[in-house]
Each structure stands twice: as C-alpha cells, then as structure tokens.
Amino acid sequence: MQRTPYLLLALALLAGVTACQKEADSSVQTPAPVQSSTYIERTDGAPSDGTATPDLSGAKVAAATSAQQQEMLTYINQARSKSCQCGTTTYPAVPALTLNTQLNTASDAHAVDMATNNYFSHTGLDGSQPWDRMTRAGYNWRAAGENIAAGYTTVRATVDGWLKSPGHCKNIMSASFAEVGVGYGYNAGSTYRQYWVTDFGKRR
C-alpha cells in the first residue's frame, strides 16, 4: 500500500516528460536546410547585366557582417588547403581565395533579396543570374560560380553542408577561382529564415 503513491508519482512524471517532448517536437517549424550551386566560364563577349537591382532599402532584414564574411573565408580556405573528395572526384589543394568587395556586394544583395521576398533560387526575382549580379557590382569576371544555402544556422554548418555536396564542393575546390564574396540574409518571417550566398570569381 505504501508503494502506490510513489508509483503514481513516477507515472505522472513520465507522462509529463512525454507530453513536454511532444510539445517541443511540434514547435520545430523551419524546414530542413536546402542548397544549390551553379558555374559558368565566359566564352564570348560581355554577359547580360540583367535588369535593375531590386530596391531593398526598406527591408528589415539582417545582412552579412564582416565577421561572418571572414569566418566563411577561413573555413573555405581551410578546405582548399588540402586535397578534398567531392563526390567521386578528388581535388588537389589549391591556393587560398581572397575576399572581394564587389563579390561581397553581389552576394549580400542576393541573400537579402531571397530573405526579403521568401524564395530560394540562383535566379533573382528580376531574372538575373549570379554573373549578371556580379557584373552589376562592377566585377569583370572570367569565371563565375555561386553556392547558395538556406536554413543553416551557422557559417560552419553551411560550409560543412556544401562540402558534403559534389557541386558545391567543386566550386569551393575549383582552381578556376581566385576571389569570393559572402552574403547573408535573415528574415524571421521567411520560410528558411537564414540565407547564405558565396559568389566565386576570377577576373579577366
């Protein structure tokens, strides 16, 4: 008879823990992270410069900080400093990239645009492609590539996700690139909340 209260208390505690866990699980609303990559090399004349840059002056969206840009550069260059297997292809170590202000501008504008307008694509809402946005920012590219990601909460997680994906990893390890720009956009009201962009380039 004396053991009954203890048993009931234990059952009550177990029910409380189970209910709390279910509540915590149901509160997770952000979808799994997503990512995409693209690459092009110039083979003829000047590329299209797209249409007008979107006006984001009124957007209440966080953009990349210099600390985030430096951290992303550090992790990318750590990967480039040694051989790396991207899918079934092993790439040798390649020279470190440097941050480029124009590529930062192009990357940041696209990240903020995606966060502001709640979409995820290399194609901007104005129809622009990554190399169009690089050209707008004044970057005269010979080779251009872009990695984008959404839903990752840290720089480290973003780079790790890219390195596990053959296309993104190839851009990171490409000897065709010498410079990179880093962009970030945050909007609590968007689907993925956090949007990341790296624009890779080599000038003519």
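**Helix contact and two loop residues**

User: How do the axes of α2 and α6 cross?

Analyst: In this predicted model, the axes of helix α2 (residues 66–80) and helix α6 (residues 166–173) come within 9 Å and cross at roughly 90 degrees. Axes are lines fitted to C-alpha atoms, for helices over the stretch in contact, with angles from 0 to 180 degrees between N-to-C directions; helices (H or I, at least four residues) and strands (E, at least two) are DSSP runs numbered from the N terminus. The two helices, α2 and α6, are therefore roughly perpendicular to each other, a label for angles of 65 to 115 degrees.

User: Which residues make the contact?

Analyst: I76, A79 and R80 of α2 meet N171, I172 and M173 of α6, where contact means heavy atoms within 4.5 Å.

User: Switching topic, where does N118 lie?

Analyst: N118 sits in the loop between α3 (101–117) and α4 (130–136), and its phi is near 55 degrees, a positive value in a residue other than glycine.

User: Is N118 buried or exposed?

Analyst: N118 counts as partly exposed, at 38% relative accessibility; buried means under 20% relative accessible area, exposed over 50%, and partly exposed in between, using a 1.4 Å probe and protein chains only.

User: And what is the phi of R193?

Analyst: R193 has a positive phi of about 70 degrees although it is not a glycine, and R193 lies in the loop between β7 (179–186) and β8 (194–203).

User: Any caveats on numbering and confidence?

Analyst: Residues are numbered from 1 along each chain as its sequence is written. Local features need pLDDT of at least 70, side-chain atom pairs count only at pLDDT 80 or more, totals for chains, interfaces and linings use all residues, and side-chain values use heavy atoms, leaving out hydrogens and water.

Note on methods: Parallel < 35°, antiparallel > 145°, perpendicular 65-115°, else oblique.
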